[in-house]
Amino acid sequence: MVVGELAEQTDLLVIGGGPGGYVAAFRAADLGLQTTLVDESPLLGGICLRAGCIPSKALLHVAHLIDSAAAAKDFGVNFAPPQVDLDRLRAWKQSVVDKLCGGISTLAKKRDVRVIQGRARFEDSRSARVDGETVVRLKFKNAIIATGSRPKRLPEAMLPADCCMDSTGALELSDVPKSLLVIGGGSIGLELGQVYAALGAQVTVVEALDRVLMGCDDDLARVLVARLKKQFAAIYTAAAVETARRVGSQIEVAFTKDGQRQTLKFDRVLVSVGRQPNSDQLGLENTKVVVNSPGFIEVDATRRTSDKRIYAIGDVAGNPMLAHKASREGIVAAEAIAGQPSVFDARAIPAVVYTSPEVAWCGLTEGEAQQRGIEIKVGKFMWGASGRALAMGRPEGLTKIIADAKTNRALGVGIVGEHAGDLIAEAVLAIEMGAEAEDLAATIHPHPSTSETIMEAAESVLGSAIHMLRK
Ligand code: NAI
């Protein structure tokens, strides 16, 4: 043993302190397992807390505030244009992050979860080496890999690294460029694009596919795009970036749209073309863990890998790469390791894009049902007929329910509109409970609220919604 090297034993080693890893560690500790949590960062919470979900939502809240203040002139209330103090804004965003990360560290301490800062690497199926301030060799009975994902990069020849930033760089908010190109019209690109647009940047989006937000139905995405078109300088779809180079202080980007090559200059470029799992550099070759071609670790319903002592959860264990899916998997893996009969059998995992309006969906989309040849009925309710949406000055919105054509059972729900991300929880529960359109239609919803749009969409599945004329 080298000087400064320690050898220790633990019931459960959890690698990665994000919403997958820390939740798994806490559940395991609550079930009586002696648990060790390893993370490279001194702050627990993972990318989600430090440089993802939470800081982006803090900035989106501010973007929403700026837009709402400007829109108030339509109601006869005039505010002066905002003066943004970027230092204070960054400090506030960081205070939100620090508070949550501190809370998780306290919860870990109170549960007697041992936290080690360092980088873990498997030596075999029973032990891992953690390189931190000292080297720790940990012998474990079980391990959970919860190492998450990192932003995908475009090839250096196409887009030199010094010409662009990823979502982590964008969230640092070092300044607000006059012009920003966003490459990739997925959730990260549109959320951060909206933040920078509200703060005064001229935002352009280039998306390779023929529409943005490919994960959800087109009718939902269209409602968001109508608003984005007013906020962004341009949205180019079916357009792939070919090259970029630095020209003075700007970045010249070339892309082809409708057979025409275009060259535009921007002050900053954000690359948001997806994420890739962190399954490399873990020493998995020293174990029996199987990694498939996109780099995801293969797991069964309890999130156990091909190596029976090792489990994997979250982004590293497959799509969708969403924090709440990781947390649920963490609970399942911890319970399975503790000998409980737990499996990951979610019928619906909600996806939310926290733009304004928000887009949220769960279960089957209409497009997926068509592709799979499933016979469905679709009930829709337009938010223009919702009293609450009108009273908020945000009538743009749509709630749709995708139901089984024979049984009316809810298979999927899609919502676009203010706070759609909160409303979708009812739909997730409905699908998990096997609710039929009749159940949703007969459930008394508070009035006035946008939750009524779920009840009305369910009525529409059944043939007629009270506040909509029959076709
Ligand atoms: P994404 O996969 O959602 O979207 C990336 C987009 O980039 C796709 O539409 C793709 O067609 C496009 N693209 C790829 N290469 C391109 C190129 N060369 N030129 C132009 N367009 C190109 O990825 P995104 O937005 O980076 O998000 C990554 C992950 O993080 C997703 O899995 C998402 O689920 C998760 N996430 C979730 C959030 C949420 O739930 N609100 C927020 C942020 C991220």
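The expected span of a helix is 1.5 Å times one less than its number of residues. Keep that rule handy, because helix 8, with its 15 residues (323-337), should then span 21 Å, and its end C-alpha atoms are indeed 21 Å apart. One thing to know before going on: this is a predicted model. Below is a quick tour of the ligand site, two helices and some loop residues.

**Around the ligand**

- Let's start with the neighbours: 21 residues surround the ligand, and the closest are Ile188, Glu191, Glu207, Gly274 and Val352.
- If you sort that shell by class, you get 12 nonpolar, six polar and three charged residues.
- Helix 6 (residues 187-198) gives the largest share of the shell, three residues.
- Now for the polar backbone atoms. One in Ser187 is 3.3 Å from an oxygen atom of the ligand, and one in Ile188 is 3.0 Å from an oxygen atom of the ligand.
- Ala208 joins in with a backbone N or O atom, which lies 3.0 Å from a nitrogen atom of the ligand.
- How much of the ligand does the protein bury? Taken alone, the ligand exposes 840 Å², and the protein buries 76% of that.

**Helix 8**

- You've already met the length of this helix, where the expected 21 Å agrees with the distance between its end C-alpha atoms.
- Helix 8 is largely enclosed by the rest of the structure, because 11 of its 15 residues are buried.
- To count as buried, a residue needs a relative accessible area under 20%.
- Among the buried residues of helix 8 are some alanines, namely Ala326, Ala333, Ala334 and Ala336.
- The buried list for helix 8 also includes Lys325, Glu329 and Glu335, and residues of these kinds, Lys and Glu, count as charged.
- Just after helix 8 comes Gly339, which takes a positive phi of about 90°.

**Helix 11**

- Try the length rule again here: the 13 residues of helix 11 (420-432) should span 18 Å at 1.5 Å a residue, and the end C-alpha atoms are 18 Å apart, so the two values agree.
- Which residues of helix 11 are buried? They are Ala420, Gly421, Leu423, Ile424, Ala427, Val428, Ala430 and Ile431.
- Here's a handy bit of background: an α-helix has 3.6 residues a turn, so residues three or four places apart point the same way.
- What do the buried residues of helix 11 pack against? Their partners are three strands, namely strand 16 (351-353), strand 17 (358-363) and strand 20 (410-417), plus helix 12 (437-442) and helix 13 (452-461).
- Just after helix 11, Gly434 takes a positive phi, this time of about 70°.

**Two cis peptide bonds**

- The peptide bond from Ser356 to Pro357 is cis, with omega near 0°. You'll find Pro357 in the loop between strand 16 and strand 17.
- Another cis bond runs from His447 to Pro448, with omega near -5°. Pro448 sits in the loop between helix 12 and helix 13.

**Positive phi outside glycine**

- Gln281 is not a glycine, yet its phi is positive, near 55°. Look for Gln281 in the loop between strand 14 (275-277) and strand 15 (310-312).
- Is Gln281 buried or exposed? With 55% relative accessibility, Gln281 counts as exposed.
- His419 isn't a glycine either, but has a positive phi of about 60°. His419 lies in the loop between strand 20 and helix 11, and is partly exposed, with a relative accessible area of 41%.

**Two buried loop residues**

- Thr450 lies in the loop between helix 12 and helix 13, and at 9% relative accessibility Thr450 counts as buried.
- Leaving out residues up to four places away in sequence, Thr450 touches Trp383, Ser386, Arg388, Ala389, Met392 and Leu423. Leu423 should look familiar, as one of the buried residues of helix 11.
- Gly318 is in the loop between strand 15 and helix 8. At 9% relative accessibility, Gly318 counts as buried.
- Which residues is Gly318 in contact with, leaving aside its neighbours within four places in sequence? They are Phe296 and Lys325, and Lys325 is one of the buried residues of helix 8.
- Gly318 and Pro277 are 41 residues apart along the chain, while their C-alpha atoms are separated by 8.0 Å.

Conventions. Residues are numbered from 1 along each chain as its sequence is written. This is a predicted model: local features need pLDDT of at least 70, side-chain atom pairs count only at pLDDT 80 or more; totals for chains, interfaces and linings use all residues. Side-chain values use heavy atoms; hydrogens and water are left out. A residue is near a molecule or strand if one of its heavy atoms lies within 4 Å of it. A polar contact is a pair of N or O atoms within 3.5 Å; within protein, one must be able to donate a hydrogen and the other to accept it, and residues adjacent in sequence count only if both atoms are side-chain atoms. Accessible areas come from the Shrake-Rupley method with a 1.4 Å probe; for residues, only the protein chains shown count as cover. Helices (H or I, at least four residues) and strands (E, at least two) are DSSP runs, numbered from the N terminus. Buried means under 20% relative accessible area, exposed over 50%, partly exposed in between (1.4 Å probe, protein chains only). Contact means heavy atoms within 4.5 Å.
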